[in-house]
Amino acid sequence: MATEQQHIVLETKNLSIGYTSKKKINKVASAINIVLQKGQLVSLVGANGIGKSTLLRTLTNVQKPLEGDIYINSKSLLEYEPVELAKQLSLVLTEPIASKNLSVFELVALGRQPYTNWVGNLSQDDMDITHRALQQTNIEALKSIKCYELSDGQLQKVMIARALAQDTDLIILDEPTTHLDMYHKAYILKLLQKLAKETGKTILFSSHEIDLAIQLCDNMIVMTKDKVVSGQPCHLIENGTFNTLFPEDLIVFDETSGSFRVRK
């Protein structure tokens with residue numbers, strides 16, 4: 001299907017991100033123009049401290065942009081009321097959850113909060129959507145277990161299931177593979193790839209797993225100290241984008257294998 005026929009879920013136009021204080025404006029990145037299509041798995045990569053978290057906070061309205069515009073489903077992010085935005089965008093963070101004493105089912109069901117009545121009662125539809133999210137993330141067998149009993153990898157799947165239960169077009173995850181071993185890093189990213197394809201949701205995640213992202217993602221957003229570029233991994237390799245990510249005195253990108261290696 002041609003790109004122009006695809007549904008655009010997230011778009012930025014001449015976006016600048018950073019921080020303001022009484023004395024000065026600290027601009028982290030500017031001229032950010034990205035387009036995320038429906039059903040895409042997209043990674044946000046870059047060196048430590050380059051501004052990935054700042055960009056995600058801006059895209060999710062946690063902090064305001066310095067300049068430019070952000071659109072979700074063709075509507076300005078600034079025009080959304082909080083409850084309305086919660087029906088468009090779900091967020092998975094790396095911070096500890098508020099109460100690990102909840103069961104897995106109870107935590108996943110919290111994703112239905114934007115839709116429940118004022119006392120928070122779950123309808124049959126809410127229950128069905130929660131069960132479906134458990135099935136989609138392969139954790140139905142864990143539904144009665146308390147969250148404090150889970151491993152890091154299991155808990156990450158629960159948080160993804162909660163985002164699925166929220167039933168938004170866009171899911172944003174901040175470093176979902178943090179604290180996981182290599183197997184579980186690959187498992188989580190393969191799960192995200194599967195969910196994007198099967199549910200048609202657009203999934204954007206920040207990660208240091210650049211080699212895995214190159215293999216699994218439809219598109220990538222690459223932040224360097226000079227610019228922010230996006231595109232298909234194969235095109236970014238051809239353009240030499242990954243060669244600019246790290247100082248070449250230690251790490252080099254091998255275009256043949258599509259991976260980084262330590263300089264000998």
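These are my notes on one sheet and a few helices in a predicted model.

**The sheet**

I started with the strands. Six of them make an open sheet, running β7-β8-β9-β4-β10-β11, and the pairing is mixed. Which strands stand at the edges? They are β7 (89-92) and β11 (228-231); each has a single partner strand, so one side of each has no neighbour in the sheet. I also looked up the twist: neighbouring strands are turned by 15° against each other on average, direction ignored.

Next I zoomed in on one edge. β10 (residues 219-223) pairs with β11 in the antiparallel sense, over 4 bridges. Met223 sits opposite Val228 of β11.

Then I checked what packs on the sheet. Helix α6 (residues 182-199) does, touching β4 (41-46), β8 (170-174) and β9 (202-206). The direction of α6 makes about 160° with that of β9.

**Helix α1**

Is α1 enclosed or open? In α1 (residues 52-59), 6 of the 8 residues are buried, so the helix is largely enclosed by the rest of the structure. Leu55, Leu56 and Leu59 are among them, and Lys52 is on the list too. After α1 comes Asn61, with a positive phi near 70°.

**Helix α5**

I tried a length check here. At 1.5 Å a residue, the 14 residues of α5 (residues 152-165) should span 20 Å, and the end C-alpha atoms are indeed 20 Å apart.

α5 is mostly covered, with 11 of its 14 residues buried, including Gly153, Lys157 and Ile160. What covers the buried residues of α5? I found β7, α3 (104-109), α4 (124-136), β8 and α6 among the covering elements. Just after α5, Asp167 has a positive phi of about 55°.

Definitions and conventions:
Residues are numbered from 1 along each chain as its sequence is written. This is a predicted model: local features need pLDDT of at least 70, side-chain atom pairs count only at pLDDT 80 or more; totals for chains, interfaces and linings use all residues. Side-chain values use heavy atoms; hydrogens and water are left out. Two strands pair if DSSP finds at least two bridges between them. Helices (H or I, at least four residues) and strands (E, at least two) are DSSP runs, numbered from the N terminus. Axes are lines fitted to C-alpha atoms, for helices over the stretch in contact, and angles run from 0 to 180 degrees between N-to-C directions. Contact means heavy atoms within 4.5 Å. Buried means under 20% relative accessible area, exposed over 50%, partly exposed in between (1.4 Å probe, protein chains only). The expected span of a helix is 1.5 Å times one less than its number of residues.
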